[in-house]
Amino acid sequence: MDKFLVSLLVAIVVLLFILFAMFFLLVFYRIREVKNKMRITRYIEERQVDWYEYLLGDDMPIDSLKPNGQLELEAIDELFFRFSYHFSSDEINDKVNAFAEHYMNDYYSKGLGHRSSGIRINTLNKINLFNLTFMLDKVSRQLQKKKSYSKTEYILMYEIISRFSKTEFMAHFIHPKVSLGEFDYKKLLMELDETQISLLAEDFNELPEVLQLATIEIVGVRHYLEWLPLLHECLDSSVQELRIRALKSIAELEVADALELYEGFSRSTVWEERLMTAKIFRSVSSEKALPVLNHLIKDSTYQVRAQAAKSMKSLKNGQQALYSVITTSSDEFAIDVAEEMFGKE
């Protein structure tokens with residue numbers, strides 16, 4: 001029994017020792033963290049004017065700002081973030097990129113390869129935010145590794161690739177290493193310029209369906225008129241959602257030069273297709289639009305009727321057309337929606 005109590009006492013003492021050691025270790029790291037933050041803050045306060053002169057002026061030589069140690073690298077990284085928040089110009093981006101490539105290559109490379117996903121994500125965000133083009137090859141090599149990354153990391157890497165390379169992004173968009181949803185693709189597509197979007201058009205049939213949908217929608221948002229023939233091709237697709245998106249983008253383009261293609265959708269069994277057709281015919285001459293809109297204003301779906309009335313009102317002599325529906329139609333639903341739209345400003 002005495003041996004058991006002694007063993008128990010020893011175990012308690014050892015446990016207490018470990019707990020106290022852990023406590024003092026945490027205190028030590030906390031004190032060091034606070035001191036490091038104070039040093040970083042002091043560096044920023046002391047050198048902020050010099051950085052203003054380097055980034056916004058022409059007199060500060062780059063070697064006079066050479067960092068000395070890890071803390072100054074972290075302080076400069078923080079300064080870059082502050083400048084990127086308040087200022088934006090190609091000249092500032094070029095200077096940040098030149099300095100970082102010369103003095104901070106290892107700093108960002110270590111962050112990119114860090115075992116912590118949080119640090120990797122933070123580094124990828126900085127590469128994108130600071131426009132660190134010299135890191136493109138390293139990001140590309142990161143994608144070639146067999147190691148798996150989180151979806152957030154892959155999207156950030158794809159975003160950097162598409163921003164810094166005009167063509168390399170294509171392979172990653174078509175065959176991503178992680179399943180991407182429509183929202184993910186839309187986020188990536190918003191970073192592309194018109195030339196890059198055109199590359200997607202050339203290989204449109206090779207794109208994953210979800211990317212096709214996002215791409216077609218971007219066409220309407222950005223008003224790419226030269227894509228109209230491709231939108232017309234999509235109207236023959238067996239994929240219902242693709243047809244709807246194509247009609248939606250045609251409506252956004254506000255160019256209706258193939259009415260025979262659109263008019264048939266006014267009798268579609270899919271109400272979203274009828275709705276988009278009603279939107280398209282707001283951009284057509286009254287003579288050609290009214291027969292279709294008079295049909296759609298009697299539609300069984302309220303959204304379609306309301307859009308038909310709205311499109312009718314936007315036509316030349318639209319108020320008169322609505323009044324005609326109110327006074328001559330025998331369809332109560334059509335009369336109600338026409339009256340509702342007639343009274344609106």
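This short presentation covers the nonpolar core, the salt bridges and the aromatic pairs of one structure.

Good morning. Please keep in mind throughout that we are looking at a predicted model.

I begin with the core. In soluble globular proteins, nonpolar side chains tend to be buried together. Here, the largest nonpolar core holds 102 residues, and the members that touch the most others are Trp-51, Phe-80 and Ile-297. Helix α7, residues 151-164, makes the greatest contribution to this core, with eight residues.

Which residues does Ile-297 touch, if we set aside those up to four places away in sequence? Its contacts are Arg-305, Ala-308, Ala-309, Met-312, Leu-322, Val-325, Ala-334, Val-337 and Ala-338.

I turn now to the charged side chains. How many salt bridges does the count give? The count comes to 16, and I shall discuss three of them.

The first case is Asp-50 with Arg-47, whose side chains meet at 2.7 Å, N to O. Both residues belong to helix α1, residues 2-56, and because they are three residues apart, about one helical turn separates them. Asp-50 has a relative accessible area of 21%, which makes this residue partly exposed; the cut-off for buried is under 20%.

The next case is the salt bridge between Glu-217 and Lys-248, at 3.7 Å, N to O. Why does this pair tie together parts that are 31 residues apart in sequence? The reason is that Glu-217 sits in helix α11, residues 209-222, whereas Lys-248 sits in helix α13, residues 240-253. As for accessibility, Glu-217 counts as buried at 17%, while Lys-248 is partly exposed at 28%.

The last case is Arg-274 with Asp-299, a salt bridge of 2.5 Å, N to O. Arg-274 lies in helix α15, residues 271-280, and Asp-299 lies in the loop between α16 (286-296) and α17 (302-314), so this salt bridge ties together parts 25 residues apart in sequence. Are Arg-274 and Asp-299 buried or exposed? Both are buried.

Salt bridges that share partners also form a network, whose members are Glu-182, Lys-186, Glu-217, Glu-241, Arg-245 and Lys-248. The pair Glu-217 and Lys-248, discussed a moment ago, thus appears within that network.

My final topic is the aromatic residues. A search of the whole structure returns 16 aromatic pairs. Phe-169 and Phe-173 have ring centres 5.1 Å apart and planes at 75 degrees, so this pair is edge-to-face; the cut-off for that class is over 60 degrees. The two residues are four apart in helix α8, residues 169-174, about one turn of the helix. Phe-169 and Phe-173 are both buried.

Tyr-323 and Phe-342 form a tilted pair, with 6.2 Å from centre to centre and 40 degrees between the planes. Tyr-323 is in helix α18, residues 318-328, and Phe-342 is in helix α19, residues 332-342, so the pair ties together parts 19 residues apart in sequence. Tyr-323 counts as partly exposed at 48% relative accessibility, and Phe-342 counts as partly exposed at 32%.

Ring pairs also build a cluster from Trp-51, Tyr-54, Phe-80, Phe-99, Tyr-103 and Phe-130. Trp-51 and Phe-80 will be familiar from the core, where they are among the members with the most contacts to other members. At Tyr-54, another residue of this cluster, Lys-95 lies over the face of the ring, 5.9 Å from its centre.

That concludes my presentation. Thank you for your attention.

Methods. Residues are numbered from 1 along each chain as its sequence is written. This is a predicted model: local features need pLDDT of at least 70, side-chain atom pairs count only at pLDDT 80 or more; totals for chains, interfaces and linings use all residues. Side-chain values use heavy atoms; hydrogens and water are left out. A nonpolar core is a set of buried Ala, Val, Leu, Ile, Met, Phe, Trp, Tyr and Cys residues joined through side-chain atoms within 4.5 Å. Buried means under 20% relative accessible area, exposed over 50%, partly exposed in between (1.4 Å probe, protein chains only). Contact means heavy atoms within 4.5 Å. A salt bridge is a side-chain nitrogen of Lys or Arg within 4 Å of a carboxyl oxygen of Asp or Glu. Rings of Phe, Tyr and Trp (its six-membered ring) pair if their centres lie within 6.5 Å; planes under 30 degrees apart count as stacked, over 60 as edge-to-face and the rest as tilted. A charge sits over a ring if NZ of Lys or CZ of Arg is within 6 Å of the ring centre and within 35 degrees of the ring normal.
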